[in-house]
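Colleague: I'm new to this one and would like a close look at a single part. Could you pick out one stretch and walk me through it?

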Amino acid sequence: MTRYAFHFDGTRCTGCKTCEMACKVEHGWQAGEANGIQLFEDGPRLMPNGKYEYNYLPVMTSLCDLCADRVAKGHEPTCVKHCQAQVLKYGDLED
């Protein structure tokens, strides 16, 4: 039995929110409605070296079904497909 995993590289996310927009378009949700993925922003935080730090974390909500219809057709979830920085990955857990 193949088990699938969703992976995210937090060092590369720029906070563009393309994942959120792709999810809304894929599922037909309107602006202002909840969707399957939400990007949380952490920062700005002043670091000891005088630079500011921003962190972004995409979180799947209870509405996320990992685009079951797309995956059943052999495609990746829409948030993964449209991630501009290629931060999101989806595939076999063993990989």
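Modeller: Here is a walk through one hairpin, after a quick word on the whole protein. Keep in mind that this is a predicted model.

Let's start with the overall layout. The protein has 3 helices and 4 strands, and from the N terminus on they come in the order β-α-β-β-α-α-β. Its C-alpha trace spans about 50 × 35 × 20 Å along the principal axes. Of the 95 residues in the protein, 25% are buried.

Now for the hairpin. Look at the β-β in the middle of that order: strand 2 covers residues 37-46, and strand 3 covers residues 52-60. The two run antiparallel, and 8 bridges join them. If you want one spot where you can see them face each other, find D42, which stands opposite N55 in strand 3. Between the strands of this hairpin there are 5 residues, and G50 takes a positive phi near 90 degrees.

Next, turn to the surface. L46, Y52 and Y54 make a nonpolar surface patch of about 380 Å². Y54 sits in strand 3. Is Y54 buried or exposed? Neither label fits: its relative accessibility is 48%, so Y54 counts as partly exposed, a class that lies between under 20% for buried and over 50% for exposed.

To put that patch in context, the protein exposes about 6600 Å², and carbon and sulfur atoms supply 50% of that area.

How values were computed. Residues are numbered from 1 along each chain as its sequence is written. This is a predicted model: local features need pLDDT of at least 70, side-chain atom pairs count only at pLDDT 80 or more; totals for chains, interfaces and linings use all residues. Side-chain values use heavy atoms; hydrogens and water are left out. Patches are made of residues with over 30% relative accessible area and no salt bridge: like charges are joined within 9 Å, nonpolar side chains (Val, Leu, Ile, Met, Phe, Trp, Tyr) within 5 Å. Accessible areas come from the Shrake-Rupley method with a 1.4 Å probe; for residues, only the protein chains shown count as cover. A salt bridge is a side-chain nitrogen of Lys or Arg within 4 Å of a carboxyl oxygen of Asp or Glu. Buried means under 20% relative accessible area, exposed over 50%, partly exposed in between (1.4 Å probe, protein chains only). Two strands pair if DSSP finds at least two bridges between them.
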